Amino acid sequence: MNSPARGGRGRVTSAWRKRLEIVLFVTPALALFALFVVWPIVTAVQLSVYRWKGFGPLVDFVGLRNYVTVLADDVFVDSVVHNLIIVGGSIAIQLPLGLAIALLLNRKMWGQGLLRTIIFVPYVLAEVIAGVVWFQLLQPEYGVIDGLLGSVGLEAPEQGWLGDPDLALWTVLAVLTWKYLGLAVILFLAGLQGVPEELYEAAQLDGASWWQVQRKITVPLLGPTMRTWAFLSMIGSLQLFDMVWILTGGGPANSTTTMATYLINEGTRSQNFGIAGAASVILFVIALIMAVLYQQLILSRDTRSDVVTVKRTKTKKVTR
Amino acid sequence: MKRKMRGAALIALGSTVALLAAGCVGAGSGPSEDATNENADAQEFTWWHNSNNGEGKAYYDQVAADFEAETGVKVNVQAMQHEDMLTKLQAAFQSGDDAQIPDVYMSRGGGELAAEVEAGLVRDLTEGSADTISKISNFTEQYSVDDKVYALPYSIGLVGFWYNKDLFEAAGITDVSQSPTIEEFDGYLEKLEEAGTTPISVGAGDKWPAAHYWYYGVVRECPYDVVEAAIESADYSDPCFLKAGEHVEDIIAQEPFNRGFLTTPAQTGPTSASGLLATEKAAMELAGHWEPGVAGGLTESGEVPDFLGWFAFPTFDGQGGDPADQMGGGDAWSVSAAAPDAAVDFANYLLSDEVQQGFAELDMGLPTNPAATDSLSNETLAQLIPVRDGGGVTQLYLDTRLGQSVGGAMNDEIALMFAGESGPQDVVDAIQSAAEAEQ
C-alpha cells in the first residue's frame with residue numbers, strides 16, 4: 001500500500017527538482033535577455049507613442065502620430081529602399097562571387113591557407129576602422145583611389161565617389177562587399193568540406209566534367225550553407241549602420257540613409273525620441289517579418305529534417 | 001502548418017505584451033517638482049567642463065582650488081572631451097536623477113536651454129547672479145527664458161570667414177575688406193577660381209557648417225526682433241527668411257566649394273574642411289572663433305598657421321538686417337535645479353574679472369566680461385572683439401536657438417539645398433512644419 005504512494009511522492013519531488021533545476025539554469029539567461037533585449041524593446045515601443053525631448057517626464061502622449069510621421073517621411077521611405085537595395089545587392093553580388101572564390105580556394109594548390117586568410121582579413125577588421133580607411137582612400141582629389149585612376153588616365157567623379165548622390169550608395173555597397181565577402185567565402189568553404197569525397201569520385205567515374213560536378217553536386221549540397229549565409233547577410237544589411245555612418249553619414253542629400261541612421265538622426269541628433277522610437281519599432285517589425293518569411297519559405301527545407309527526427313524520438317518514447 | 005500557426009501566435013502574443021507593457025509602464029521619472037531645495041546648504045558640488053587638456057585644464061583646476069580655499073566648499077571637477085560631455089549630460093538629464101546631474105555645467109543657450117528650463121532642470125540665476133548679469137547683459141538675452149536668466153555666457157564667439165592671406169595674395173587679391181559686400185566677396189571667388197585655387201572649403205557632411213551660411217543669410221536679411229518674434233509665434237512666413245535662402249543659393253550656384261564637399265566633415269582629419277584650410281588646399285572657410293585652434297591641430301607642425309586672417313560674412317545691398325549684427329554663439333555656465341547655493345557663487349566666480357582675464361590670457365575663448373576683453377593674447381582672436389562688441393547683436397546659431405528638434409530639421413534641409421535638391425522655400429517650410437510639430 002505504502003510503496004506506490006511513496007513512489008508517487010518520489011516522482012513528484014523529482015519532477016519538482018527537475019523544474020527547479022531548469023529554473024536555476026535558465027533564470028540568469030532569461031534575466032539578461034529581459035534586461036538587455038525585452039526591456040529596450042518595451043521602452044522603444046513606449047517612447048514611440050510619446051513626444052519626448054530626452055529629459056523630463058513622459059507626458060505628451062501622441063498615440064500613433066509618430067508612426068504616421070515616420071511612414072509619411074520621404075527620408076524614411078527612401079532609407080527602407082536603401083536597406084532593401086543593400087539586402088538584394090549584397091546577396092546578388094556576394095553569393096556568386098563568394099561561391100566562385102570558395103570553389104577556387106577549395107582546390108589543392110600552393111598557398112591555399114595564405115589565400116584563405118587574406119580573403120578573410122577584411123571581415124576580421126573592425127567595421128569602424130575599415131570605414132575610416134575607405135573613407136580616406138575614397139577622398140576626392142587627394143584620395144588614393146582618385147590618384148590611381150588619375151595615373152592611368154581615367155577621370156574620377158567630380159564630387160568624389162562618396163560625394164555624388166548618384167554614386168554614393170553603390171560605393172557603400174562596394175565597400176560592404178569587400179568587407180563581408182570573406183565571411184561568405186569562409187562559410188562556403190566550410191560547407192564544401194561537408195560534401196562527401198565519394199560523390200566527386202563517383203561523378204568522375206561517370207565521366208562528369210568539372211563544371212557538371214560543381215553544378216550537379218557541389219552547389220545543391222551547399223544549399224543549406226548558402227541559405228543560412230543569405231539569412232545572416234539579410235539581417236546584417238537591414239541593421240546596417242556603422243559603415244554608412246562613417247563613409248557618408250547618410251548623405252549626400254540623404255542618398256545613403258538607412259533605417260538605423262534615420263533613427264539616430266531623429267533620436268540623439270534632433271531629440272525627437274518619439275519619432276526615433278517609432279522608426280525603431282518599424283525597423284524591428286520589418287526585420288521580424290522578413291526573418292519569419294525567410295525562415296518559413298526558404299530555410300524551412302533545411303530545418304525540416306530536424307523536425308522529423310524530433311517526431312521520431314517522441315514516437316519512440318510513447319511506445320516505450 | 002502547425003508550426004506556422006505557432007509562429008504567428010507567438011508574434012501576436014509578443015506584440016500584445018509589448019503594447020500592453022508600453023501602456024502600463026509608468027511615465028519616466030522626472031525631476032521632483034519640489035520648490036524647496038533640500039540641497040541648498042551643501043558644502044560640496046560637481047562641475048563639468050570641456051577644457052580637458054593642457055593649460056586650460058590646469059587653469060580650471062586652479063580656479064576650483066582657489067574657490068575652495070576662499071569658501072571652504074569642495075568642488076568636484078570633471079574635465080571631459082566636448083562630445084563626451086554632451087553625451088553624458090544628455091544621459092544625466094534623461095535619468096532625471098539629481099545625484100547624476102552636475103551642479104554647474106556648460107549650456108549652449110537658446111531652445112536647448114529653454115527645453116531644459118521647461119523640464120525644471122535649471123536654476124533661475126536672475127537674482128543670485130544679478131551683479132554678474134549686469135556686467136554681461138549684452139549677451140544674456142539668448143540665455144534667458146521669460147526674462148529670467150538661466151545661464152551665464154562666459155565666451156561668445158563669432159562665425160566669419162577665416163582665409164589664407166598667402167593664397168589671397170597669390171590670386172591677386174591685395175585689398176581684403178574686413179566687412180566685404182557680396183560684390184566684393186564674389187570678386188574674391190572669381191579671382192581665386194582664376195588662380196586655380198579652391199575658394200571655399202565647407203564641411204557639408206556634418207550639415208551645420210553648411211547651415212551656417214543660411215543662418216548668416218538670416219542675420220543679414222532679418223532684423224533680430226523679427227527672428228525672435230518668428231520663434232515666439234512659430235511663424236516663419238516673413239519674406240526675409242526666403243531672401244536669406246536666395247542669397248545662399250546664389251553663393252552655391254557659383255560652385256566655390258571643395259570637391260566632394262557634400263560628405264566633407266567639418267574638423268576631423270586633413271581632408272576635412274578645416275584641414276583643407278590648414279594645409280592650404282582651400283583659400284577660406286566659414287567657421288567660428290575655434291578655427292585657429294582646430295587648424296593648428298591639423299597642420300604638420302601643430303602650430304596655428306600664421307597665414308590666417310578673418311573677415312565678416314558679406315553684406316547685401318538693401319539688406320533688412322543691421323550690418324553690425326553678426327552670427328555666432330558661445331558657452332555659458334548653468335546651475336542645475338537641485339544644486340547648492342554655493343554652486344551659484346561659483347558660477348559668479350567663473351565670470352569674475354579675475355577668472356575671465358585668466359581665461360582670456362590663455363585664449364580659451366572670447367570673454368564676455370568687459371574687464372577681460374583686452375586680455376586676449378592671440379591677435380587673430382582679439383580682432384573679433386571689436387566686431388562682436390561693435391553695437392550689433394550676436395545672433396545665436398539658429399539650430400541652437402530653435403532647439404534640436406527644429407534645428408535638426410532645418411540643418412537637414414539646408415544640407416539638401418547645398419546638394420541642389422532643395423530651395424529657399426523648402427528650408428522655410430521644413431522649419432515651419434518642425435516648429436508646428438513641436439507646439
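The questions and answers below look at the cores and the two domains of a predicted model.

Reader: Into which domains is chain B divided, and how many Å separate their centres?
Author: Chain B is divided into domain 1, made of residues 44-156 + 330-384, and domain 2, made of residues 160-326 + 398-438. Taken over C-alpha atoms, the distance between the centres of domain 1 and domain 2 of chain B is 28 Å.

Reader: Which helix gives the largest share of the side of domain 1 of chain B that touches domain 2 of chain B?
Author: Across this boundary, 14 residues of domain 1 of chain B are in contact with nine residues of domain 2 of chain B. Helix 4 (110-118) and helix 15 (379-382) of chain B each supply at least two residues of the domain 1 side. The largest share of that side, five residues, comes from helix 4 of chain B.

Reader: How many residues of that side of domain 1 of chain B are charged?
Author: The residues of this side, which touches domain 2 of chain B, include five that are nonpolar and seven that are polar. The charged residues of this side number two.

Reader: Which helix supplies the largest share of the largest nonpolar core?
Author: This core has 129 residues, and Val104(B), Ala347(B), Met410(B) and Ile431(B) touch the most other members. The core draws at least three residues from each of domain 1 and domain 2 of chain B. Its largest share, nine residues, comes from residues 208-221 of chain B, that is, from helix 8.

Reader: Which residues does Ile431(B) touch?
Author: Ile431(B) is among the residues that touch the most other members of the largest nonpolar core. Leaving aside residues up to four places away in sequence, Ile431(B) touches Tyr236(B), Val406(B), Ala409(B) and Met410(B).

Technical notes: Residues numbered from 1 in each chain as written. Chains lettered and ligands numbered in written order. Predicted model: local features only at pLDDT ≥ 70, side-chain atom pairs only at ≥ 80, totals over all residues. Core = buried A, V, L, I, M, F, W, Y, C linked by C-beta atoms within 7 Å. Buried ≥ 20, exposed ≤ 12 C-beta atoms within 10 Å, placed from the backbone. Helix = DSSP H or I, 4+ residues; strand = E, 2+ residues; numbered from the N terminus. Domains from an automatic or database assignment. Contact = placed C-beta atoms within 7 Å. Nonpolar A, V, L, I, M, F, W, Y, C, P; charged D, E, K, R; others polar.
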